[in-house]
Amino acid sequence: MTPPQSPAPLAHGAAATLALPDFALVEEACKKSSLLWIAVPGLRDRAVWHVWQEHDGRGAVYLVTGGGEQNVPGLSDGQVVRVTVRSKDKGGRLATWSGLVGRVLPGTPEWAEVVPTLHAKRLNAHDGEGQPERWAERSAIFRIAPQGPLLEGPGRYGRASGAAPVQSGPATTVTRRVR
C-alpha cells in the first residue's frame, strides 16, 4: 500500500487526499472487491467492475466504459464523484469516498501500465487479445483517485440504507394483478 505522496490537483473545491488509515481502508476494500458503485452528480448510481492499481506511486480505481463495455454515463475528466465500495465478506457497504476522475488516454505511460491489468481482469471478452485495441478505438478508461475525507466507513455510516428506489419502465408492474 502506497498512500498518495502529494495531493493531486483538486477540482470543485475538494479537500486534500484521504488520511492514511482511511486510504488503507479504501485501497484494501477496492483490491478485494471487483464491484463498486459510482455516483455521478445528477445521475443514478452505477455498479461497475474495476481494478485498483498504482501509477506513479498513487493508487486509484480504473474502469473501462463504452465501446461494448459497461456504460457509465456522465463521467468526465476533472469531475468529482461519490464512490461506494462493498465488503467482500458481507457484501454490504464498507466505505464511501469522493474521487477525482481523470481520463487515461491511449499511448500514454499510464495507459500502457493499466491496460494489461484491466485486460487480465475482464471476464468473457468477446474479442480476446484484441480487446485493448478495441478499448483504444471505441472505449474510455478512467482513473478515480480518492480525494477529501472518507464520507462513510466503519463507525461512520449514515442512517439511510443507500438502496436506490426501483426505476419505472415498460417492465414495471404498477399494481398487483387480480386474477
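**Close-up 1. Glu-152 and its salt bridge to Arg-93.** Glu-152 is buried in this predicted model, with a relative accessible area of 14%. Its partner, Arg-93, comes out as partly exposed at 28% relative accessibility. The two side chains form a salt bridge, and their closest N and O atoms sit 3.2 Å apart. Glu-152 belongs to strand β7 and Arg-93 to strand β6, so this pair ties together parts that are 59 residues apart in sequence.

**Close-up 2. Asp-127, Arg-134 and the network around them.** Here Asp-127 forms a salt bridge with Arg-134, with 2.6 Å between the closest N and O atoms. Which of these two is buried, and which is partly exposed? Arg-134 is the buried one, at 5% relative accessibility, while Asp-127 is partly exposed with a relative accessible area of 25%. The pair doesn't stand alone: salt bridges with shared partners link Glu-69, Arg-122, Asp-127 and Arg-134 into one network. For the wider picture, searching the whole structure turns up eight salt bridges.

**Close-up 3. Helix α1 and what it packs against.** Helix α1 covers residues 20–32, which makes 13 residues. From its first C-alpha to its last it reaches 18 Å, close to the 18 Å expected at 1.5 Å a residue. Its buried residues are Asp-22, Phe-23, Val-26, Glu-27, Ala-29 and Cys-30. And which strands do the buried residues of α1 pack against? Quite a list: β1 (35–39), β3 (51–55), β4 (58–65), β5 (80–86), β6 (93–104) and β7 (140–152).

**Close-up 4. Glu-28 and Lys-32, a salt bridge within α1.** Staying on the helix, Glu-28 forms a salt bridge with Lys-32, and the closest N and O atoms are 4.0 Å apart. Both residues lie in α1, four residues apart, or about one turn of the helix. Glu-28 is partly exposed, with a relative accessible area of 40%.

**Close-up 5. Gln-70, a buried side chain with backbone partners.** Gln-70 is found in the loop between β4 and β5, and it counts as buried at 15% relative accessibility. What does the side chain of Gln-70 reach at 2.9 Å? One partner is the backbone nitrogen of Trp-49. Another is the backbone oxygen of Val-64, which lies 2.9 Å from a polar atom of the Gln-70 side chain. If you skip neighbours within four places in sequence, Gln-70 is in contact with Ala-47, Val-48, Trp-49, Leu-63, Val-64 and Thr-65.

**Close-up 6. Asp-56, a loop residue with positive phi.** Look in the loop between β3 and β4 and you'll find Asp-56. Its phi is near 55°, a positive value in a residue other than glycine. Is Asp-56 buried or exposed? Asp-56 counts as exposed, at 63% relative accessibility.

**Close-up 7. Ala-145 in strand β7.** This view goes back to strand β7, where Ala-145 has its place. Ala-145 is buried, at 11% relative accessibility. Leaving out neighbours within four places in sequence, Ala-145 touches Ala-60, Trp-97, Ser-98, Gly-99 and Leu-100, in the sense of being in contact with them. Val-81 is 64 residues away from Ala-145 along the chain, and 9.9 Å separates their C-alpha atoms.

How values were computed. Residues numbered from 1 in each chain as written. Predicted model: local features only at pLDDT ≥ 70, side-chain atom pairs only at ≥ 80, totals over all residues. Heavy atoms only, no water. Helix = DSSP H or I, 4+ residues; strand = E, 2+ residues; numbered from the N terminus. Expected span 1.5 Å × (residues − 1). Buried < 20%, exposed > 50% of the residue type's maximum accessible area, 1.4 Å probe, protein only. Contact = heavy atoms within 4.5 Å. Polar contact = N/O pair within 3.5 Å; in protein donor to acceptor, adjacent residues only side chain to side chain.
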